[in-house]
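Reader: I have a model on my screen and would like to understand how the words used for it are justified. Could we go through it together, setting each term against its cut-offs?

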Amino acid sequence: MSVLIPCTLTASGKANPPIKQRYIAARTIIPGADQTGLYLNYLKGKNIAMVVNQTSIIGERKTPVVDSLLKLGVNIKKIFGPEHGFRGNASNGATVDDAIDSQTGLPVISLYGKHFKPTPADLMGINLVIFDIQDVGARFYTYISTLHYVMEACAENNIELMILDRPNPNGAIIDGPILDTGYRSFVGMHTVPISHGMTIAEYAQMINGEGWLKNHVQCKLKIIKVANYTHSDTYVLPVNPSPNLNTGQSILLYPSVCLFEGTTLSLGRGTMSPFLEVGHPLLKDKYGYYFTPVSIAGMSEDPPQKNLVCYGIDLKNYNTATLKSSGRINLAWLIELYKAFPDKAHFFNAYFTKLAGTTDLRKQIEAGKTETEIRQSWEPGLGKYKAMRRKYLLYQ
């Protein structure tokens, strides 16, 4: 595995800017894709496949990386698209079919349709695969599952994978129960906590290093690091990573509130504020805040509690800085709403175990365990994960 890092350029005949100005410039976070000077020459003469979506952009103009590289003469042969598709306009969970991209004429192979993993036929004639997708740092966000299968396919077909790394907006939070491998699924493939605190490239190194690929194969990686980044940095995503993560607030709340997808409650899908409100019709006598989910094309056509008035909590103005400062997800909302819900036998659904990665969390909440007691049960697994994670970090 090789890592390319940005060089420091010296000024030629020009006066240095004031110290304060130089410091600000030095701390500008630059995603890997933007640093074309570090990888463009490496792409020459190669047949390229790209794993990308609407977050794969370059520069302040937010030019799609595929368009930029095509104009620079890169020989892109095909595109692989994850959940929500190459252009990011498919609803959550919707099957995405293979297609021809109307803007570039390139074939788009879906990795969220007939199969999750590129086939040998898909990779025939390809010399290098480039992975450039913005992640949000949660185990159940499926782009890291797509990463796993792309790495596995590249390893099995002796093809190098280049990762254009991007910051993790939840990089300071490492928390949650560790996945029990008995409940492995596409929304939880690896023995990591809910909020894993790694970038895509760091996560790829961990997949390799821990032997998580089939038959313990190793994927040859070339990483273009993010410049001037640490896990504690605040990073505002320039593009929505998926249709229902449509605000900076929802991205920061996502690791905490996505567990509600495994309950009968609405998480705001079917509104313009998904992941920012949680409620149910049966909570009418408990909460004054209310909202009504409806069908919204391209976001959520058939949301939970569709066309019903839901009562619950409003998180639009919640201070997400408390999550970052504590390094923890918020578990209190789940415990509170379970206690308030009158029909407890139907609060959870089968999907909850996949999201939690364990049966323990549901049992603990049903048994009335406190948050402190639940968190204590996450050790020593969480401590072991943090020690393992340190081996693969590229950033402080």
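Author: Let us begin with burial: a residue is buried when its relative accessible area is under 20%, exposed when over 50%, and partly exposed in between, using a 1.4 Å probe and protein chains only. This is a predicted model, in which local features need pLDDT of at least 70 and side-chain atom pairs count only at pLDDT 80 or more, while totals for chains, interfaces and linings use all residues. Residues are numbered from 1 along each chain as its sequence is written, and side-chain values use heavy atoms, with hydrogens and water left out.

Reader: Why does Tyr112 count as buried?

Author: Tyr112 has a relative accessibility of 15%, and because buried means under 20%, Tyr112 counts as buried. Phe116, at 30%, falls between 20% and 50%, and therefore counts as partly exposed.

Reader: What makes Tyr112 and Phe116 an aromatic pair, and why is the pair called tilted?

Author: Rings of Phe, Tyr and Trp (its six-membered ring) pair if their centres lie within 6.5 Å; planes under 30 degrees apart count as stacked, over 60 as edge-to-face, and the rest as tilted. By this rule the count comes to 18 aromatic pairs. For Tyr112 and Phe116 the centres are 5.9 Å apart and the planes make an angle of 35°, which makes the pair tilted.

Reader: Why is the pair of Tyr254 and Phe275 called edge-to-face?

Author: Their centres are 5.2 Å apart, which satisfies the distance rule, and the angle of 70° between the planes is over 60, so the pair is edge-to-face. Tyr254 lies in helix 7 and Phe275 in the loop between helix 7 and strand 11 (277–280), so the pair ties together parts that are 21 residues apart in sequence. Helices (H or I, at least four residues) and strands (E, at least two) are DSSP runs, numbered from the N terminus. Both Tyr254 and Phe275 are buried, and ring pairs link them with Phe140, Tyr141 and Tyr143 into a cluster.

Reader: What makes helix 7 mostly covered?

Author: In helix 7, 8 of its 10 residues are buried, among them Ile251, Leu253 and Tyr254. What covers these buried residues includes helix 8 (321–326) and helix 9 (332–340), where contact means heavy atoms within 4.5 Å.

Reader: How do you know that the charged end of Lys222 sits over the ring of Tyr42?

Author: The rule asks that NZ of Lys or CZ of Arg be within 6 Å of the ring centre and within 35 degrees of the ring normal. The charged end of Lys222 is 4.3 Å from the centre of the Tyr42 ring and sits over that ring.
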